[in-house]
Amino acid sequence: MAKGQIVKLLKETVCKVLDITPKQLVGESRNQRFVEGRKMFSCLIRKIIPDITYQQIGMHINRNHASILNLKTKHEWDYEHIFEYAKLYDRVYSLFMDKYMKLDDKLDIEVRLRKYDINQEKKMNEILNRLENLTIENQVLQEENTRLRKKFDKFKKFINYETDILSTR
């Protein structure tokens, strides 16, 4: 199915489940129901078409990429903490997938999502390994710093001692 068709059908599905109009979905109103629709659409379209950019998503609902990133962040929190929101989101996703996506498309989306999850896990492991290495490096540098401070303090005492000797002559 073409991306444009997916976008159109997903908008229709979001509007149907939330009982809002397409005009309300893309409009300027901050009505909670309309904003929820935008959050759901933004995150679902990215889930179904992972290579779509935030800027492209924004063009479909008259928002800029920063607004889409904000909607994504809010969606993640809402999905974790607001049961009704999560239930509606899952309902929109299930309805869209069951009604419009063929089995091959569904499998392709699942494979892409798994690959994405695996890539994210690899990135997270790389970050954790780097953090562990930096922590060890930091500990080594702190120990070296302590050693050098002690050496410096001894040197200062020696210089002060020599200075005292010279000044008493």
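## Salt bridges and a nonpolar patch

In this predicted model, the side chains of Asp78 and Lys39 meet in a salt bridge, with 2.2 Å from N to O. Asp78 belongs to helix α5 (residues 65–81) and Lys39 to helix α3 (residues 32–48), so this pair ties together parts that are 39 residues apart in sequence. Are the two partners buried or exposed? Asp78 is buried, at a relative accessible area of 11%, and Lys39 is buried too, at 7%. Both count as buried because the cut-off is under 20% relative accessible area.

The structure holds seven salt bridges. Let's look at two others, each of which sits within a helix. Lys87 pairs with Glu84; they lie three residues apart in helix α6 (residues 83–100), about one turn of the helix. Arg147 pairs with Glu144, and these two are likewise three residues apart, about one turn, in helix α7.

Here is how accessible the side chains of these helix pairs are:

| Residue | Relative accessible area | State |
|---|---|---|
| Lys87 | 44% | partly exposed |
| Glu84 | 46% | partly exposed |
| Arg147 | 41% | partly exposed |
| Glu144 | 32% | partly exposed |

As for N to O distances, the Lys87 and Glu84 bridge has 3.6 Å, while the Arg147 and Glu144 bridge has 2.6 Å.

Helix α7 has something else to show. It spans residues 103–168 and includes Leu131. Which residues join Leu131 in a nonpolar patch on the surface? They are Met124, Ile127 and Leu128, and together the four have about 400 Å² of accessible area.

Notes. Residues numbered from 1 in each chain as written. Predicted model: local features only at pLDDT ≥ 70, side-chain atom pairs only at ≥ 80, totals over all residues. Heavy atoms only, no water. Patch = residues over 30% accessible without salt bridge, like charges linked within 9 Å, V, L, I, M, F, W, Y side chains within 5 Å. Areas by Shrake-Rupley, 256 points an atom, 1.4 Å probe, with all protein chains shown as cover. Helix = DSSP H or I, 4+ residues; strand = E, 2+ residues; numbered from the N terminus. Buried < 20%, exposed > 50% of the residue type's maximum accessible area, 1.4 Å probe, protein only.
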